[in-house]
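Here are a few short exercises to work through with the model open beside you. Try each task before reading its solution.

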Amino acid sequence: MAKSQPLFSLLLFIFISGTISQSIIQLSRDHDVYCNSWRFSVETNDVGYWDQVPSRCVSYVQDYMTGDGYRSDSEVAASYALGFAKTVEIAGDGKDAWVFDVDETLLSNLPYYAVHGFGSESFDELSFDEWVDLAEAPAIKASLNLYKELKQLGFTVFMLTGRSEHQRNATAKNLQLEGYSDWERLILRESSDQGKPATLYKSQRRLELVNEGYRIHGNSGDQWSDLYGFAVSERSFKLPNPLYYIP
């Protein structure tokens, strides 16, 4: 009987270890399932207003943003945008327009958010402005490719950003360094726009373009406030962004 004790202990250890491992794996899966559903609800705007990534989803967001998921989602969104753009009959009068947001649409601020908790920290406008001034945000490759394709198709491209007018030089420099060129106009918030909700500000600026005779066929942005409101485009294309929300 004594000789069977080591074998019993070994079997018990294997059983307990397996049970613990399964519990850890199940907990990890539960986290991934919840966080994937949370991100889906963010992208569909079911969540509504939110100000920080849930603590249980920070590692999930990090993995998504730095892995193949974000790249693939961005590429698919761009492919649908390009597919629509190819159906537009370009009049040749320079009035067929496409509007792009800048942050998390043309340029990625992931290097900034990587050192600021991947959306789990409260937004710090001062530190973000310092990052913008560096003009080092990398291009989102799928958007850069889309941008170039649209230019070749004959679209007039506008950039409509929530950045402020004092950031014009840094923003233009960053865009040019990353391969964007020949845009029609880079529109930033003027002093009279400060404090306006993004939806209102961007709608008003789009309306100005419409009043100038532009036909806004497409609009690409990472926030619903880039796309909603009035003077909306014929088609809107939402890029993924589980890092922050702008109403």
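**Exercise 1.** Which side chain makes a polar contact with that of Ser220? Find the partner, then describe the setting of Ser220 in this predicted model.

*Solution.*
- Step 1: The partner is Trp98, and the polar contact between the two side chains is 3.2 Å.
- Step 2: Ser220 sits in strand S4, which covers residues 215-221.
- Step 3: Ser220 has a relative accessible area of 2%. Buried means under 20%, so Ser220 is buried.

**Exercise 2.** Find the salt-bridge partner of Arg215, and work out which parts of the chain the pair ties together.

*Solution.*
- Step 1: Arg215 pairs with Asp96, and their closest N and O atoms are 3.1 Å apart.
- Step 2: Because Arg215 belongs to strand S4 and Asp96 to strand S1 (residues 96-100), the salt bridge ties together parts that are 119 residues apart in sequence.
- Step 3: Now look at the exposure of each partner. Arg215 is partly exposed at 31% relative accessibility, whereas Asp96 is buried at 3%.

**Exercise 3.** Take the salt bridge between Arg163 and Asp103. Are its two residues buried or exposed?

*Solution.*
- Step 1: Start with the distance: the closest N and O atoms of Arg163 and Asp103 are 2.6 Å apart.
- Step 2: Place the residues. Arg163 is in strand S2 (residues 156-164), while Asp103 is in the loop between S1 and helix H4 (110-114). The pair links distant parts of the chain, 60 residues apart.
- Step 3: Apply the cut-off of under 20% for buried residues. Arg163 has a relative accessible area of 3%, so Arg163 is buried. Asp103, at 9% relative accessibility, is buried as well.

**Exercise 4.** Explain why the salt bridge between Asp226 and Lys202 ties together separate parts of the chain.

*Solution.*
- Step 1: The side chains of Asp226 and Lys202 meet at 2.7 Å, N to O.
- Step 2: Asp226 lies in the loop between S4 and strand S5 (235-238), and Lys202 lies in helix H8, so the salt bridge ties together parts that are 24 residues apart in sequence.
- Step 3: Asp226 is buried, with a relative accessible area of 5%, and Lys202 is buried at 3% relative accessibility.
- Step 4: Salt bridges can also share partners, as they do in the network that joins Asp193, Lys196, Arg205 and Glu208. The structure holds 14 salt bridges.

**Exercise 5.** Now turn to the surface. Which residues form the negative patch that includes Glu125, and which make the nonpolar patch that includes Leu207?

*Solution.*
- Step 1: The negative surface patch consists of Glu121, Asp124, Glu125, Glu130 and Asp133.
- Step 2: Glu125 belongs to helix H5 (residues 125-134) and is exposed, with a relative accessible area of 52%.
- Step 3: Leu200, Leu207, Val210 and Phe230 make the nonpolar surface patch, which is about 290 Å².
- Step 4: Leu207 belongs to helix H8 (residues 198-211) and is partly exposed at 35% relative accessibility.

**Exercise 6.** How many residues apart in sequence are Tyr34 and Tyr60, and how far apart are they in space?

*Solution.*
- Step 1: Tyr34 and Tyr60 are 26 residues apart in sequence.
- Step 2: From C-alpha to C-alpha, Tyr34 and Tyr60 are 9.9 Å apart in space.
- Step 3: Tyr34 is found in helix H1 (residues 4-43) and is partly exposed, with a relative accessible area of 34%.

Conventions: Residues are numbered from 1 along each chain as its sequence is written. This is a predicted model: local features need pLDDT of at least 70, side-chain atom pairs count only at pLDDT 80 or more; totals for chains, interfaces and linings use all residues. Side-chain values use heavy atoms; hydrogens and water are left out. Patches are made of residues with over 30% relative accessible area and no salt bridge: like charges are joined within 9 Å, nonpolar side chains (Val, Leu, Ile, Met, Phe, Trp, Tyr) within 5 Å. Accessible areas come from the Shrake-Rupley method with a 1.4 Å probe; for residues, only the protein chains shown count as cover. A salt bridge is a side-chain nitrogen of Lys or Arg within 4 Å of a carboxyl oxygen of Asp or Glu. Lys and Arg count as positive and Asp and Glu as negative; His and the chain ends are not counted. The place of a charge is taken as NZ of Lys, CZ of Arg, CG of Asp or CD of Glu. Helices (H or I, at least four residues) and strands (E, at least two) are DSSP runs, numbered from the N terminus. Buried means under 20% relative accessible area, exposed over 50%, partly exposed in between (1.4 Å probe, protein chains only). A polar contact is a pair of N or O atoms within 3.5 Å; within protein, one must be able to donate a hydrogen and the other to accept it, and residues adjacent in sequence count only if both atoms are side-chain atoms.
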